[in-house]
Protein chains: 2
Amino acid sequence: MENLREMFQVMTRRFGFLNKNCCSTGGYDISLVQSHILYEIDKQHKPSMQQIAETLGTDITTFSRQVQSLIKMNLVKKNTDPDDKRVSILSLTTEGVYIAESIDQQMNAYLNEVFSHMNEFERETVVRSIKLLNESMAKSSKCCTTPLG
Amino acid sequence: MENLREMFQVMTRRFGFLNKNCCSTGGYDISLVQSHILYEIDKQHKPSMQQIAETLGTDITTFSRQVQSLIKMNLVKKNTDPDDKRVSILSLTTEGVYIAESIDQQMNAYLNEVFSHMNEFERETVVRSIKLLNESMAKSSKCCTTPLG
DNA sequence: TTTTTTACTTGCAATTTGCAAGTATTTTAT
DNA sequence: ATAAAATACTTGCAAATTGCAAGTAAAAAA
């Protein structure tokens, strides 16, 4: 059997580079972690601080400060949940949405370029495989969840 | 078409968690970046500092210090290349090999567990897909290489 | 031989990190 | 109804990680 880890290591490293490249797109000085925060806020529905921090596997105190800087940059808003005044609901500002979308476009453009080296059949196979992989990882209770959770 | 980026983001995040979990296995206090350094030194043949730093996309100065700490921990050795006294050849100590291997085993065990949720056909498809993906990413000149290279 | 390039190291100064300890609100006893 | 416990988040550190600028030493080019 081939070395699974090696394949994954190479793939995720490459994807990591791509991610790093893309987040500094558009003149804005966004760090990789910040781009992930923007991405998740955009994706989740009215998320709280805890939720995003949990999703990203970031310590809540670190996350708190990252959000503060994103608010200063006017990319993220924070609203206290009316039902529970302890929790802060996060959302993107118009500018934040713009940045998040432009990063997303870049990423997808690059990924499409990568996929252009395959034929239609290969593309479909790969897409299905990644879905399968994600499902399997989700099923696995032992692994692949946040380090401290 | 599905959102490629989302699929990749989820997958690599999960793999990242796995990576983080695994590197702190075995009582040793190894950071994620350090585990990646050990991995690459193990993988490459008599690599120089530059080579590993380049592979990992790390600034050479940062890398220099990381290696120093790994040497202090007695996991890595540095030997000056006899053919060019400027370059340092990196290698793992016996202890380093042990750590690297135990991380590798953990990782592969977890990945096998993930793959156990698939049938034989799916497994093969997924493995082939990841290989394909890696080849395609390698072909793509635009993307997926080190940020500053 | 001098100049330039290359491989690496150190000096900062800035950023990022997480634990401990805080505040404020809500939930759970009693 | 009130005290105690839990939850959501924030701040104070102090340590670790980062990268640029400037260094050393060796090799290659001029």
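Mentor: A residue is near a strand if one of its heavy atoms lies within 4 Å of it. Keep in mind that this is a predicted model.

Trainee: Which residues come nearest to DNA strand D?

Mentor: There are 19 residues around DNA strand D, and Met49(A), Gln50(A), Ser64(A), Lys78(A) and Ser88(A) come nearest.

Trainee: What share of the DNA strand D atoms within 4 Å of the protein belongs to sugar or phosphate?

Mentor: It is 69%, and bases supply the rest.

Trainee: What makes Arg65(A) a polar contact of DNA strand D?

Mentor: The cut-off is 3.5 Å between N or O atoms. An N or O atom in the Arg65(A) side chain is 2.9 Å from a base oxygen of DNA strand D, so the pair qualifies. The side chain of Arg65(B) also has an N or O atom 2.9 Å from a base oxygen of DNA strand D. On the backbone side, an N or O atom of Gln50(A) lies 2.8 Å from a phosphate oxygen of that strand.

Trainee: Which elements give two or more residues to the surface near DNA strand D?

Mentor: Chain A offers α3 (49–56) and α4, while chain B offers α4 and β2. By class, that surface has two nonpolar, nine polar and eight charged residues.

Trainee: What surrounds DNA strand C?

Mentor: 19 residues do, and the closest are Thr62(A), Met49(B), Gln50(B), Ser64(B) and Lys78(B). Sugar and phosphate make up 67% of the DNA strand C atoms within 4 Å of the protein.

Trainee: How do you know that Thr61(A) and Gln50(B) make polar contacts with DNA strand C?

Mentor: Set each distance against 3.5 Å. A polar side-chain atom of Thr61(A) is 3.2 Å from a base nitrogen. A backbone N or O atom of Gln50(B) is 2.8 Å from a phosphate oxygen. Both pairs therefore pass. The elements giving two or more residues to this surface are α4 (60–72) of chain A, with α3 (49–56), α4 (60–72) and β2 of chain B.

Trainee: Why is the pair Glu6(B) and Lys43(A) called a salt bridge?

Mentor: The rule wants a Lys or Arg side-chain nitrogen within 4 Å of an Asp or Glu carboxyl oxygen. In this pair the closest N and O atoms are 3.9 Å apart, so the rule is met. Six salt bridges are found across the interface of chain B and chain A. There are also 18 residue pairs in polar contact.

Trainee: Which elements give two or more residues to the side of chain B that touches chain A?

Mentor: They are α1 (4–23), α2 (32–43), α3, α5 and α6 (120–139) of chain B. α1(B) gives the most, with 17 residues. That side has 28 nonpolar, 18 polar and 14 charged residues.

Trainee: How many residues does each chain bring, and what area is buried?

Mentor: Chain B brings 60 residues and chain A 60. About 6,400 Å² is buried between them, with carbon and sulfur atoms giving 66%.

Trainee: Why is Thr93(B) called buried?

Mentor: Its relative accessible area is 8%. Buried means under 20%, so Thr93(B) qualifies. Thr93(B) is in the loop between β2 (84–92) and α5 (94–115) of chain B.

Trainee: What does the side chain of Thr93(B) reach?

Mentor: It reaches the backbone oxygen of Asn74(B) at 2.7 Å. Beyond its neighbours within four places in sequence, Thr93(B) is in contact with Asn74(B), Leu75(B), Val76(B) and Lys77(B).

Methods:
Residues numbered from 1 in each chain as written. Chains lettered and ligands numbered in written order. Predicted model: local features only at pLDDT ≥ 70, side-chain atom pairs only at ≥ 80, totals over all residues. Heavy atoms only, no water. Helix = DSSP H or I, 4+ residues; strand = E, 2+ residues; numbered from the N terminus. Buried < 20%, exposed > 50% of the residue type's maximum accessible area, 1.4 Å probe, protein only. Polar contact = N/O pair within 3.5 Å; in protein donor to acceptor, adjacent residues only side chain to side chain. Contact = heavy atoms within 4.5 Å. Buried area = accessible area lost by both parts, 1.4 Å probe. Nonpolar A, V, L, I, M, F, W, Y, C, P; charged D, E, K, R; others polar.
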